[in-house]
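This report goes through selected backbone, sheet and domain features of one protein model. The sequence and coordinates come first, and the text follows them.

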Amino acid sequence: MSDLIQLEKRGHIAVLTINNPPANTWTRDSLIALTNIVKELNEDRNIFALVMTGQGEKFYSAGADLKTFADGDKARANEMAQLFGEAFSTLGRFRGVSIAAVNGYAMGGGLECAMACDIRIAEEHAQMALPEAGVGLLPCAGGTQNLPWLVGEGWAKRMILCGERVKADTALRIGLVEEVVPTGQSLDKALELAEMACKQSPSSTARCKTLVMSARDGRSHDDAWRMERELFVELFSTEDQKEGVNAFLDKRKPEWKNR
C-alpha cells in the first residue's frame with residue numbers, strides 16, 4: 001500500500017488522507033493506490049463509511065502535477081487519464097457513504113476527487129476550481145459531468161470555460177459543498193456525519209445510494225419507482241433488514257452485519 005494515500009480505520013469508518021506534500025498532487029502511484037484501497041474497503045464488511053481529506057492545512061489536493069504533461073507525450077496522457085478516471089469512478093462507486101473533508105485548495109483533479117464523494121464539507125478558507133482549460137487541458141476525471149449535476153450548467157460553465165475559482169461561501173451557495181466549517185474542523189464534521197451514516201443499515205444505505213445516483217441516468221419516473229420497489233423487496237433477503245426491524249421493536253440499538 002502506497003504512503004501517498006494513508007489509510008486509518010476508526011471503527012466502521014475508513015479515513016483516507018492524500019499525502020503528497022506540499023500540494024497533495026496526484027501521481028500515477030497515488031491514483032493506483034486509491035483505486036486499490038477503495039476496492040479493498042468495498043470487500044471489508046466492517047467498513048460502512050469513508051472520509052477523504054488532504055494532509056496539512058493548506059491543500060486538499062491541487063490535482064495533477066503539470067510536469068507530468070510538459071513534454072506532450074500522448075501515451076502518458078492517455079495512461080494518466082485512464083488512471084484518474086478509474087480512481088475517481090471507483091471512489092464514486094464505494095458501496096457506503098463517502099464524505100470529502102475539503103481542508104484547503106481543491107483544484108482540478110483535487111476537486112474532481114471531492115465531487116466523486118457523496119458529501120462535501122469545506123473549511124472556510126478552502127477554494128475550488130477546475131482550471132484545466134487555462135493550461136491547454138480539460139477535466140478528464142468526471143469534472144465536466146459531475147460539476148453540472150451539482151451546481152447547474154451556468155456555474156459549471158463559469159468554472160470550466162472561464163476558469164472561475166470559487167471560495168467556500170460561494171461553493172456552499174451554489175451547491176458544490178453541503179457545509180462550510182471553521183478552519184481545521186472539516187475532518188471532525190466529516191467524521192460526525194460518517195458516524196451518523198454508520199447508524200443506518202449498510203445494506204439499506206448501499207441500495208439507497210444506487211437509487212439516488214440512478215437519477216443521473218435520466219430514468220423515467222415509472223422506471224425509477226419500479227427500481228425502488230424491487231430494491232425494497234430485495235432487502236428482505238438481508239440479515240440487516242431483520243435486525244433493523246426487530247431491534248426497533250425490541251427498543252435496542254441494531255447490530256448491523258452488512259449482509
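Which residue in β6 is the bridge partner of Phe59? The partner is Tyr105. The model is a predicted one, and every value below is computed from it.

## The four-stranded sheet

Phe59 belongs to β4, which spans residues 59–61. β4 pairs with β6, residues 105–107, in the parallel sense, and two bridges join them. Both strands are part of an open sheet of four strands, ordered β4-β6-β8-β9, with mixed pairing. β4 and β9 (166–167) are the edge strands; each has a single partner, so one side of each has no neighbour in the sheet. Strands of a sheet pair through backbone hydrogen bonds, in either a parallel or an antiparallel arrangement.

The loop between β6 and α3 (109–115) contains Gly108. Is Gly108 buried or exposed? Gly108 has a relative accessible area of 5%, under the 20% limit, and therefore counts as buried. Gly108 and Ser61 are 47 residues apart in sequence, while their C-alpha atoms are 8.4 Å apart in space. Leaving out residues up to four places away in sequence, Gly108 touches Ala129, Leu130, Pro131 and Glu132.

## Strand β5 and its partners

β5 covers residues 97–102. Six of its six residues are buried, so the strand is largely enclosed by the rest of the structure. Burial applies to both faces: Val97, Ile99 and Ala101 lie on one side, and Ser98, Ala100 and Val102 lie on the other.

β5 pairs in parallel with β3 (residues 49–54) through five bridges. In that pairing, Thr53 has Ala101 of β5 as its bridge partner. β5 also runs parallel to β7 (residues 119–123), and four bridges join these two strands. Val102 stands opposite Ala122 of β7. Ala101 and Val102 thus appear both in these pairings and on opposite faces of the buried strand.

## Backbone geometry in loops and segments

What kind of peptide bond joins Pro21 and Pro22? The bond is cis, with omega about 10°. Pro22 sits in the loop between β2 (13–18) and α1 (28–43). Asn24 lies in the loop between β2 and α1 as well.

Asn24 has a positive phi although it is a residue other than glycine, and Asn258 likewise has a positive phi without being a glycine. The table sets out their phi angles, places and accessibilities.

| Residue | Phi | Place | Relative accessible area |
|---|---|---|---|
| Asn24 | near 55° | loop between β2 and α1 | 0% |
| Asn258 | about 60° | segment after α10 (239–249) | 3% |

Why does Asn24 count as buried? Its relative accessibility is 0%, which is under the 20% limit. Asn258 is buried too, with a relative accessible area of 3%.

## The two domains

The protein chain is divided into domain 1 (5–198) and domain 2 (201–250). Their centres, taken over C-alpha atoms, are separated by 27 Å. Eleven residues from domain 1 and six residues from domain 2 take part in the contact.

How much area do domain 1 and domain 2 bury between them? The value is about 720 Å², with 55% of it on carbon and sulfur atoms. Within the area that domain 1 buries against domain 2, Phe48, Arg95 and Trp149 supply 53%, more than any other three residues.

The polar side of this interface can also be listed. One salt bridge is counted between domain 1 and domain 2. A salt bridge is formed by the side chains of Lys209 and Asp118, at 3.0 Å from N to O. Four residue pairs are in polar contact across the interface, both members of each pair being at pLDDT 80 or more.

On the side of domain 1 that touches domain 2, the elements giving two or more residues are β5 and α4 (143–151). The largest share there, three residues, comes from α4. β5, the strand with six of six residues buried, is thus also one of the elements on the domain 1 side of this contact.

Methods: Residues numbered from 1 in each chain as written. Predicted model: local features only at pLDDT ≥ 70, side-chain atom pairs only at ≥ 80, totals over all residues. Heavy atoms only, no water. Buried < 20%, exposed > 50% of the residue type's maximum accessible area, 1.4 Å probe, protein only. Pairing = 2+ DSSP bridges. Contact = heavy atoms within 4.5 Å. Domains from an automatic or database assignment. Buried area = accessible area lost by both parts, 1.4 Å probe. Salt bridge = Lys/Arg side-chain N within 4 Å of Asp/Glu carboxyl O. Polar contact = N/O pair within 3.5 Å; in protein donor to acceptor, adjacent residues only side chain to side chain.
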